[in-house]
Amino acid sequence: MHSPSPAHPRIHRIALLFNANKVYDRDIIVGIGDYLRSTRVTWELFLEDDFRCRLAGIEHFDGDGIIADFDDPDVAEALRACPLPIVAIGASYEDETAYPSQHPYVATDNAQLIALAYRHLIDAGLENFALYSVPVSPAHRWALERERVYLRLRQADQPGARAADEIYRGLATSAMSWNQASAQLIDWLRALPKPVGIIAVTDARARHLLQACLLADLAVPEQVAIIGIDNDPLARTLGRIPLSSVIQSTEEMGRKAAQLLHQMLGGVRLPGHRVLVPPVGINALASSRHQPLSNAYVMRARHFIRQYACQGIKTEQVAAYVGISRSALEEHFRRDLGCTVHQAILSHKLDVAKEMLARRDASSADVAVRSGFTSLQYMYTVFRRELDCTPREYQERMTLSARD
């Protein structure tokens, strides 16, 4: 066997204690992989899809180091007596005692996550706000921290306001409680002053809000503007209305954690060392693009268009949903938006096609079908007329812009 050398670096056995079923954890793992690929570090990685079923005895892991999710109190407890170098990852806290004193800790910046979402809703012209959280539990300390940040921001903006009344935790999601949870969430939404901007502490909670708004016939974002946290592709896929979300720097957290463990494996000791990683920014999509409207007919029409434009709806169907004649609805659109109902439908389809092309996850033909154009040729015609380019040229522009 070769002894460690620049040509043959030592192989370290590292355990990654994360739930690979969650987008937050997966992105951290991606960041760890990025660090390994960018260096000469050679690690043999131990990773389970859901490590919690194997926590018993993890402190006796026969390896060299561990990177672990310390938002889970069971993990912190299981590793309390582990002698190996450990890098903890989790949420940030105002209370210094919430951090492990014996390990370096890489944290997502809760204060900036909530502040970004809050300022985004303010910039959208909203004056009423709320926060949809999760039930209190030891595993949800991060959510309580996000609640505290929200309260500080609201009290700074409106001293004396009953900001605590704007926070709703709801029920935990389960098959048994789902109907009750949805009914209670709808009651809460209906009682809020409108229009209102709601921050959800995760994209999963934001998706609950979207579904509840649809069931309650509340227009998103005209009556209820929603922004989540995580930028989870699954949450966007499961809803008719694209979800706005704060993008956490989870990959950077993974890279930083791997770098710290690399240093510790080289003999560096970092007890109590903390790294705070700010969010990337906001992926602003339809759910939070609030435009103040006083016209209830236009509000309802746009709500319907946002849900069904890509299914080939016509002006007559929109008017039927709103409950007025086509000519009356057209007059409302011309007066309030300066366009026809057909133009509003087409504009939404174009926005959907542009987003899909920018992601580069479908062919032009698939984009045309999924965004509701009657043919690829018609989509080309609309792109030429509205954007002075073909769909492919638009895609190339977006690729160049992303590189810059």
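**Figure 1. Helices α10 and α11 are roughly perpendicular to each other.** Their packing angle in this predicted model is about 90°, and angles of 65 to 115 degrees count as roughly perpendicular, hence the label. The axes lie 9 Å apart. Helix α10 covers residues 315-322, and helix α11 covers residues 326-336. From α10, the contact takes in Thr315, Glu316, Val318, Ala319 and Val322. From α11 come Arg326, Leu329 and Glu330. By type, the residues of this contact divide into four nonpolar, one polar and three charged.

**Figure 2. Six strands form an open sheet.** The strand order is β7-β6-β8-β9-β10-β12. Pairing in the sheet is mixed. Strands β7 (167-168) and β12 (281-283) stand at the edges. Each has a single partner strand, so one side of each is left without a neighbour in the sheet.

**Figure 3. Strands β6 and β7 run parallel.** Strand β6 spans residues 129-132. Two bridges join β6 to β7. One bridge partner to look for is Tyr168 in β7, which is matched with Tyr132.

**Figure 4. Helices α4 and α5 pack on the sheet.** Helix α4 is made of residues 141-157. It lies across β6, β7, β8 (196-200) and β9 (224-229). Its direction is at about 175° to β6. Helix α5, residues 178-191, touches β6, β7, β8 and β9. The direction of α5 makes about 165° with that of β6.

**Figure 5. The largest nonpolar core has 41 residues.** The residues with the most contacts inside this core are Leu17, Ile66, Phe70, Leu79 and Ile199. Take Ile66 as the centre of the view. Leaving aside residues up to four places away in sequence, Ile66 touches Ala15, Leu17, Phe61, Leu79 and Cys82. Ile66 also touches Leu84, Pro85, Ile86, Val87 and Leu261. Leu17 and Leu79 therefore appear twice here, as partners of Ile66 and among the core residues with the most contacts, where a core is joined through side-chain atoms within 4.5 Å.

**Figure 6. The whole chain sets the close-ups in context.** The chain has 404 residues, and 49% of them count as buried. Its secondary structure comes to 15 helices and twelve strands. The C-alpha trace spans about 80 × 50 × 40 Å along its principal axes. Among contacts between residues at least 6 apart in sequence, 66% join residues at least 24 apart.

Terms used. Residues numbered from 1 in each chain as written. Predicted model: local features only at pLDDT ≥ 70, side-chain atom pairs only at ≥ 80, totals over all residues. Heavy atoms only, no water. Axes fitted to C-alpha atoms, helices over the stretch in contact; angles between N-to-C directions. Helix = DSSP H or I, 4+ residues; strand = E, 2+ residues; numbered from the N terminus. Parallel < 35°, antiparallel > 145°, perpendicular 65-115°, else oblique. Contact = heavy atoms within 4.5 Å. Nonpolar A, V, L, I, M, F, W, Y, C, P; charged D, E, K, R; others polar. Pairing = 2+ DSSP bridges. Buried < 20%, exposed > 50% of the residue type's maximum accessible area, 1.4 Å probe, protein only.
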